[in-house]
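Please take the reader's seat for a moment and look through this structure step by step, starting from a small sheet and moving on to the helices and the packing between them.

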Amino acid sequence: MSNTQTVRTRFAPSPTGFMHVGNLRTALYAFLLAKSQGGKFVLRIEDTDRTRYVENAVEVIYRTLEQAGLPHDEGPDVGGDFGPYVQSERKSIYLAYAEELVRRGAAYYCFCDKTEEHDGDEESVSIGYDGRCRNLSEAVVKEHLADGKPYVIRQKIDKEGVSTFDDLVFGRITIENKVLDDQILIKRDGMPTYNFANVVDDHLMQITHVVRGSEYLPSTPKYNLLYTAFGWEIPQYVHLPLIMGRSEDGTIAKLSKRHGSVSFENLVAEGYLPEAIVNYIALLGWSPKNDREIFPMPELIEIFNIHGLNKSPAVFDYDKLKWMNGEYIKAMTPEEFARRSFAFSGLEGTPLAEKWNKIAPLLQQRVEKLDEIPEKIAFLRELPEYTVDFFCNKKSKSNPEIAKTILNDLLPACEAQQEWSAEALSALFTGYATEHGMKLGLPMWGIRIAVSGCLVTPGGPAEIMEILGREESLRRIRLALDKL
């Protein structure tokens with residue numbers, strides 16, 4: 001690639017229904033590589049394997065990239081100079097290129113039926129093809145084609161010697177040609193395989209850097225042989241290490257559902273912020289040259305350098321993601337937190353929904369995931385069952401007898417309270433503690449238990465009582481006295 005050539009990367013997912021964090025990391029690094037160099041980020045939908053196609057999966061891809069803050073410069077929905085950007089809409093392109101390879105002696109027609117092929121497709125592992133159609137005479141090939149005999153087109157690979165290529169992460173890689181199979185390029189239905197279509201499309205779309213998982217390292221020589229056969233420039237490769245997960249027994253294996261949520265949508269549904277997920281995924285295989293861990297997208301673009309990518313597999317640490325998510329939540333403005341967290345509150349359609357702007361500030365510094373919110377505020381919707389033992393607290397020196405006395409004193413004062421606000425109620429409790437020569441924590445503990453039924457609450461008793469309102473707060477205090 002010349003120094004003046006614009007960097008062009010692509011993200012080419014298959015529409016299979018959800019976005020795995022590994023796919024998202026590929027998209028992120030391809031995006032960062034392009035944007036850090038002032039280049040273009042292209043979205044291409046690789047839907048040649050119709051058996052894996054899931055309805056509406058393309059919309060999931062669009063939505064995920066938008067939520068993750070990875071806008072593409074070209075793609076099916078935004079257009080561009082190299083469209084169409086959906087492979088099934090490019091079907092007419094691939095056969096001509098495959099036939100050109102046949103003419104050049106780099107591919108051949110294979111007329112074996114499916115039981116004879118013993119060959120996989122897409123990213124599945126192939127047990128190899130014995131090459132029985134490699135050396136059919138031109139006359140036999142013409143006869144079979146004239147008879148309309150079904151065929152695939154296979155790449156013809158010289159099994160002698162080795163293939164060597166350079167990867168920007170793993171360095172120089174050498175593969176023995178004898179392990180490379182004569183992969184299918186065009187299937188019986190005329191559709192290309194993934195392995196062929198991505199080479200043709202990457203060339204036609206002028207992709208300069210191919211970013212993908214390290215599982216494609218062994219297949220790369222096959223792609224390079226295709227580029228060479230066409231006389232095309234080979235792009236630069238960026239193969240990414242695997243993302244691993246830690247099982248309960250401490251063993252490490254490729255990240256899967258048994259480790260936790262592995263799709264972007266599920267993580268968002270669990271209360272992780274998209275920007276926190278992206279920030280965390282950016283560090284799964286890439287290291288900035290400092291000790292910082294929180295990087296908003298503009299800073300990621302500014303500091304991203306491909307030389308910071310690691311060869312070693314990265315372990316997806318849900319605890320670390322949770323911590324990072326909590327940091328993002330704490331850094332929000334109160335208004336933004338209230339707006340983005342309400343959907344997780346479970347309060348829509350309830351009287352408490354109108355008080356969300358008072359509830360949300362009590363939660364922002366106390367949650368690490370938004371789905372923790374319902375449990376933390378459940379006591380506001382319904383007073384939980386609790387025992388009088390809750391009124392015992394060594395630190396404030398509270399016990400049921402003392403709590404009963406305090407609540408008996410404060411109930412009429414609360415009933416007579418004119419202004420029902422957290423400030424006014426707090427002043428009432430402070431005045432009571434001063435008047436009786438006790439530390440404020442003592443009356444506060446009894447009131448907290450009475451109005452919440454919980455040992456730990458977001459917010460103190462005054463804030464809780466303002467949210468509950470006069471009638472419900474007094475009802476709960478009377479219930480506490482009955483219990484005591």
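Two strands are said to pair if DSSP finds at least two bridges between them. With that rule in hand, we can turn to the model, which is a predicted one, and begin with strand E4, residues 152-155, and strand E7, residues 184-186, which pair in the antiparallel sense over 2 bridges. On its other pairing, E4 joins strand E3, residues 107-110, again in the antiparallel sense, and here the pairing runs over 4 bridges. Put together, these strands form an open sheet of 3 strands in the order E3-E4-E7, with antiparallel pairing. E3 and E7 are the edge strands, since each of them pairs on one side only, and the twist from one strand to the next averages 40°.

A single residue of E4 helps to tie this picture together. Ile153 is the bridge partner of Tyr109, and Ile153 also stands opposite Ile186 in E7. Are the two faces of E4 covered or uncovered? Both are covered, for Val152 and Arg154 on one side are buried, and so are Ile153 and Gln155 on the other.

From the sheet we can move to helix H6, residues 194-204, whose buried residues pack against E7 and also against strand E1 (8-11), helix H3 (91-103), strand E8 (209-213) and helix H7 (220-230). Why can H6 be called largely enclosed by the rest of the structure? The reason is that 9 of its 11 residues are buried, and a residue counts as buried when its relative accessible area is under 20%. The buried residues of H6 are Tyr194, Asn195, Phe196, Ala197, Asn198, Val199, Val200, Asp201 and Asp202.

After H6 comes Gln206, which lies in the loop between H6 and E8. The phi of Gln206 is near 60°, a positive value in a residue other than glycine, and Gln206 is partly exposed, with a relative accessible area of 44%. A positive phi is also found at Asn56, where the angle is near 70° and the residue is again other than glycine. Asn56 has its place in the loop between strand E2 (40-43) and helix H2 (57-67), and Asn56 is partly exposed, with a relative accessible area of 49%. One further detail of the backbone concerns the peptide bond from Gly83 to Pro84, which is cis, with omega near 0°; Pro84 is found in the loop between H2 and H3.

Phe196, met above as a buried residue of H6, leads us on to the nonpolar cores. In soluble globular proteins, nonpolar side chains tend to be buried together. The largest nonpolar core of this model has 138 residues, and the members that touch the most others are Phe196, Phe316 and Phe429. Helix H1, residues 21-36, supplies the largest share of this core, with 10 residues. Another core, of 7 residues, lies apart from it and includes Tyr108, Tyr129, Val152 and Ile184.

Phe429 deserves a second look. Leaving aside its neighbours within four places in sequence, Phe429 is in contact with Leu410, Cys414, Leu440, Pro443, Met444, Ile447, Ala462 and Met465. Some of these names return in the packing of two helices, to which we now turn.

Helix H15, residues 400-416, packs against helix H17, residues 441-452, at an angle of about 85°, with their axes 9 Å apart. Angles from 65 to 115 degrees count as roughly perpendicular, which makes H15 roughly perpendicular to H17. On the H15 side the contact is made by Ile402, Ile406, Leu407 and Leu410, and on the H17 side by Leu442, Pro443, Gly446, Ile447 and Ala450. Sorted by kind, the residues of this contact are 8 nonpolar, 1 polar and no charged.

H17 also packs against helix H19, residues 470-483, at an angle of about 105°, and here the axes are 8 Å apart. H17 and H19 are therefore roughly perpendicular to each other. In this contact Ile447, Ala450, Val451 and Ser452 of H17 meet Ser473, Arg476, Ile477 and Ala480 of H19, and the residues divide into 5 nonpolar, 2 polar and 1 charged.

Notes. Residues numbered from 1 in each chain as written. Predicted model: local features only at pLDDT ≥ 70, side-chain atom pairs only at ≥ 80, totals over all residues. Heavy atoms only, no water. Buried < 20%, exposed > 50% of the residue type's maximum accessible area, 1.4 Å probe, protein only. Axes fitted to C-alpha atoms, helices over the stretch in contact; angles between N-to-C directions. Contact = heavy atoms within 4.5 Å. Parallel < 35°, antiparallel > 145°, perpendicular 65-115°, else oblique. Nonpolar A, V, L, I, M, F, W, Y, C, P; charged D, E, K, R; others polar. Core = buried A, V, L, I, M, F, W, Y, C linked by side-chain atoms within 4.5 Å.
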